[in-house]
Amino acid sequence: MGSRASTLLREEEIEEIKKETGFSHSQITRLYSRFTSLDKGENGTLSREDFQRIPELAINPLGDRIINAFFPEGEDQVNFKGFMRTLAHFRPIEDNEKNKNPPATEPLNSRTNKLLFAFRLYDLDRDDKISRDELLQVLRMMVGVNISDDQLGSIADRTIQEADTNGDTCISFQEFMKVLEKVDVEQKMSIRFLH
Amino acid sequence: MMILVLLLCCISSVAPQESHHEHDGGHNATGISIVTFKWHHVETPYLIALWVLVSFLVKLLIEANHNVTNYIPESALLICFGFILGGMIWGADKVQTFKLTPTTFFFYLLPQIILDTGYSMPNKLFFTNLGAILIHAIIGTCWNAATLGLSLWGCHQGGAMGNIEIGLLQYLLYGSLMAAVDPVAVIAVFEQVHVNEVLFILVFGESLLNDGVTVVLFNVFDAFVSLGGGAIDAKEIVKGIVSFFVVAFGGSLLGTVFGLLISLLSRCTKNIQIIEPGFIFVLGYLAYLTAEMLSLSSILSIVFCGVCCQKYMNSNMDENSIQTVRYAMKVFANGSETIIFVFLGISAIDKTIWVWNTGFILLTLFFILIYRFIGVFILTWFLNRSRLVPISFVEQIIMGYGGLRGAVAYGLAVNLNETKIKEKNLMVCTTLIVVYFTVILQGVTMKPLVQWLNVKRAATVDLTLVEKVQNKVFEHMLVAIEDISGQIGDNYWRNKWRNFEEKWMSRLLLKPSARKKQDRLFNVFHQLNLQDAMEYVKEGEHRGSLEFIRNESAFVDFKKKFGEDYEEAMPDIMALNDPVSACRRDPVPSVSLEMHEQNMRGLREAEGINSHYLLDQHLYKSRKQHRYRFSRSHLDINQDENEVQEIFQRTMRSRLESFKSGKMGVAPPKTITKHTKREPQPKVQPSARFNRKHKSLLCCVYL
């Protein structure tokens, strides 16, 4: 793409992203301008600091974790495609899409993929299991300072008890999906992207 | 207090006789009198002061018992007391000597209430939702007016009201004065029912902005009534529409001008800090009167005056002055509101104005309710299609039910011209009844209605712990993604406005010292190289500006320290500098749309560690749930501020940790600094990028 991030996004790229993520043309261009406005280094990729510069994320308990979710394993930069791929998880599920062209692979915003994204927020070491420690970390981030470590520990234990069916004191992805089957994930994890 | 009232009655009955005496026996020289009873000398101011005192005493009585105010909103109680007082005076005098006259209301009682609302308006919230608010205010009000007028006329034709002489135009005029939702009543009732901030700002903003429409509609139809039906043609209608734009925009523009004037003045008042607070009251009032003079919308004028001068006043003025202004405004506004409601009650006890027409009154009430709901549903359906966060059904019901009419409608009704509108008394009576109905009945039933709706909505399915935690995770995730993708706040027009504002307005209107505080942070952001950064950090830790990283209880005053960027991110709070007050709990138990919290507060900790209870108590709220604290009588910080403090400090601490650990694994800073200073070549790009990385991380620490 050249040393200087061009402000023009090529048509082929837009088509690619459209196919992969399902965003519309106008949504992609809009999000691209947002991407470039975040990209202070103007090198076509975002680093963690670029995300951290968004003030609202500093007062979001899960802010840093979500920033992490944008970066693929072990990398420190994310390009526009990766950016869109992550955002695609939050697209609302539309029924008519299924009829038009049944995609070869499961779309990024399917229920399973949404839950996988949520699962990965907990599971930092990517071993496909949420251990007690990982759960504790997330709980601690979301709860005030008035809960002692013991109390939080017992909450974590009870939570794992509810979900753990095979007794390994960890929550696997299958167990995670099962325990959340009554939750309307589609609605709770979708935002309507502006055109 | 009873004594005072009796005194009032006696005085008012004695006074006319006194003046007679004076006239008759005026010229008898009887020598020097040591003490004379000069009632007529002080009559007017004395009565005014006495009435103000009585109103305040009534309020004192009401507030003495919080149990009652839990069920019945203050405004309703004030009106009831007004009835009692009116009854007493009627009994003593056989004539209602005191009533709420339009002049008193519009010139002396209303302006300070509106100024207070404008000055404490949450600007960001207001302007974000401005589109929705405008649509409700303009289209909603026109809809209400038109449908009410036409339906009543239709019923009249159908004979439901018997023999009254009201023509179509007069019905439309009546509709226009009944259509407007009243800001005073809305605040009074919504203060008890804590709803989420978006809902509140929609109803409240609508009640303020619809004044523009009401004024125009009223004047237009008034003129039409005077002209008579025959003279209305397309030209007049076009003139009516044009006058709407002139009145609305003219009023707002005038208010903005006055607001800027106040800001400019506050920039120069360093040496007379004692009078600083006075300017806003005087100029605000002048804004109101000037708009009245030019027949523009005075409410819009004073609202925009308050809205514009907020920011600059708060930056420029001395702490004491800021406090004084805020508190004094609340005092005046509260006082006016009390007096208005008491007098609304008193004005009713007057045989001369009462005309009863069952059909007219009942139909009016019925139509007002129905059309309000229909209007709200239609408009929100239309708006939801382009809103990020749709307005739920429950919220729509609350919006519809919260369409209260109040004193403004009464004031307009009394202003009707009797010669042209024969049935003026009927209209005044109906207006009074509608006001009582909405304020008292709807006010009293608002809270139970919300509770009932929530009980239905909560549909008690017991959530498992996992579901609870995960729901919260989802909420935080959505908020974060909204912020990252720039859905909220990163707007082309917003950014343009921000740049314009920084460049021109701040330079003109902010005191140099206030601007420097903002600039310093910007300089940090732009100019640091690594060595400076390190020193700054060391110095900061030493001096305490980074104190919060070590000391968990240090209070970060967002507005003062971090200026613009954080002001955007925080829920709008009227921050007091005192961290102690931040811990003050909500004294008035309130109903909110979040039933969980309501239930959980009842549980006792003695019941032992209950995980569900703990989670409900302590899980951080996401931005969607922040409750807005707009209150006539309380000035405290939204207690969610503490949560935000905690989260912010924790995040910054962890970011600084990772920065420090990153620093450890790299070559000593000196050499790299030299490189960036002297050789901006591609060779050094990796380290340059490294520098930038650390610079920006530091800036994140500060910003």
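User: In this predicted model, how far apart do the end C-alpha atoms of residues 26-61 of chain A lie?
Analyst: The span from residue 26 to residue 61 of chain A is 61% helix and 8% strand. According to an unreviewed UniProt entry, these residues carry the annotation "domain: EF-hand", as do residues 110-145 and 151-186. The end C-alpha atoms of residues 26-61 lie 31 Å apart.

User: What is the corresponding distance for residues 110-145 of chain A?
Analyst: This span of chain A is 64% helix and 6% strand. Its end C-alpha atoms lie at a distance of 36 Å.

User: How many helices and strands does each chain have?
Analyst: Chain B comes to 29 helices and 2 strands, and 52% of its 703 residues are buried. In chain A, 48% of the 195 residues are buried. The secondary structure of chain A consists of 12 helices and 4 strands.

User: What share of the contacts in chain B with a separation of 6 or more joins residues 24 or more positions apart?
Analyst: The corresponding share in chain A, among contacts between residues at least 6 apart in sequence, is 58% for residues at least 24 apart. For chain B the share is 82%.

User: What distance does helix 10 of chain A reach from its first C-alpha to its last?
Analyst: Helix 10 of chain A covers residues 149-163, which is 15 residues. Its buried residues include A:Leu152, A:Ile155 and A:Ile160. At 1.5 Å a residue a span of 21 Å is expected, and the helix comes close to this with a reach of 21 Å.

User: Is A:Phe173 buried or exposed?
Analyst: A:Phe173 is placed in helix 11 of chain A, residues 173-179. Leaving out residues up to four places away in sequence, A:Phe173 touches A:Thr112, A:Leu115, A:Leu116, A:Phe119 and A:Asp128. Its relative accessible area is 13%, and because the cut-off for this class is under 20%, A:Phe173 counts as buried.

User: How far apart in space are A:Phe173 and A:Asp128, C-alpha to C-alpha?
Analyst: In sequence, A:Phe173 and A:Asp128 are 45 residues apart. The two residues are nevertheless in contact. Their C-alpha to C-alpha distance is 6.4 Å.

User: Which helix gives the most residues to the largest nonpolar core?
Analyst: The largest nonpolar core has 139 residues, and those with the most contacts inside it are B:Phe105, B:Leu110, B:Leu152, B:Leu344 and B:Phe360. The greatest contribution to this core, 16 residues, comes from helix 10 of chain B, residues 197-227.

User: How many residues of helix 17 of chain B are buried?
Analyst: Helix 17 of chain B covers residues 407-414 and is mostly covered. Among its buried residues are B:Ala407 and B:Val408, and both are in contact with B:Phe105. Of the 8 residues in helix 17, the number buried is 7.

User: What area is buried between chain B and chain A?
Analyst: The contact takes 56 residues from chain B and 61 residues from chain A. Carbon and sulfur atoms give 65% of the buried area, and the rule finds 0 salt bridges across this interface. The buried area is about 5500 Å².

User: How many residues apart in sequence are the parts tied together by A:Lys81 and A:Glu16?
Analyst: Side chains of opposite charge can pair when their charged atoms come close. The side chains of A:Lys81 and A:Glu16 form a salt bridge, with N and O at 3.3 Å. Because A:Lys81 lies in helix 6 and A:Glu16 in helix 1 of chain A, the pair ties together parts whose separation in sequence is 65 residues.

User: Is A:Glu73 buried or exposed?
Analyst: A:Glu73 forms a salt bridge with A:Arg126, and their closest N and O atoms are 3.6 Å apart. A:Arg126 counts as partly exposed at 36% relative accessibility. A:Glu73 has a relative accessibility of 57%, and because the cut-off is over 50%, A:Glu73 counts as exposed.

User: Which residue forms a salt bridge with B:Glu206?
Analyst: B:Glu206 lies in helix 10 of chain B, and its partner lies in helix 15, residues 358-384, so the pair ties together parts 166 residues apart in sequence. Both residues of the pair are buried. The closest N and O atoms are 3.0 Å apart, and the partner is B:Arg372.

Technical notes:
Residues numbered from 1 in each chain as written. Chains lettered and ligands numbered in written order. Predicted model: local features only at pLDDT ≥ 70, side-chain atom pairs only at ≥ 80, totals over all residues. Heavy atoms only, no water. UniProt positions renumbered as here; feature names shortened; annotations may be inferred. Expected span 1.5 Å × (residues − 1). Buried < 20%, exposed > 50% of the residue type's maximum accessible area, 1.4 Å probe, protein only. Core = buried A, V, L, I, M, F, W, Y, C linked by side-chain atoms within 4.5 Å. Contact = heavy atoms within 4.5 Å. Buried area = accessible area lost by both parts, 1.4 Å probe. Salt bridge = Lys/Arg side-chain N within 4 Å of Asp/Glu carboxyl O.
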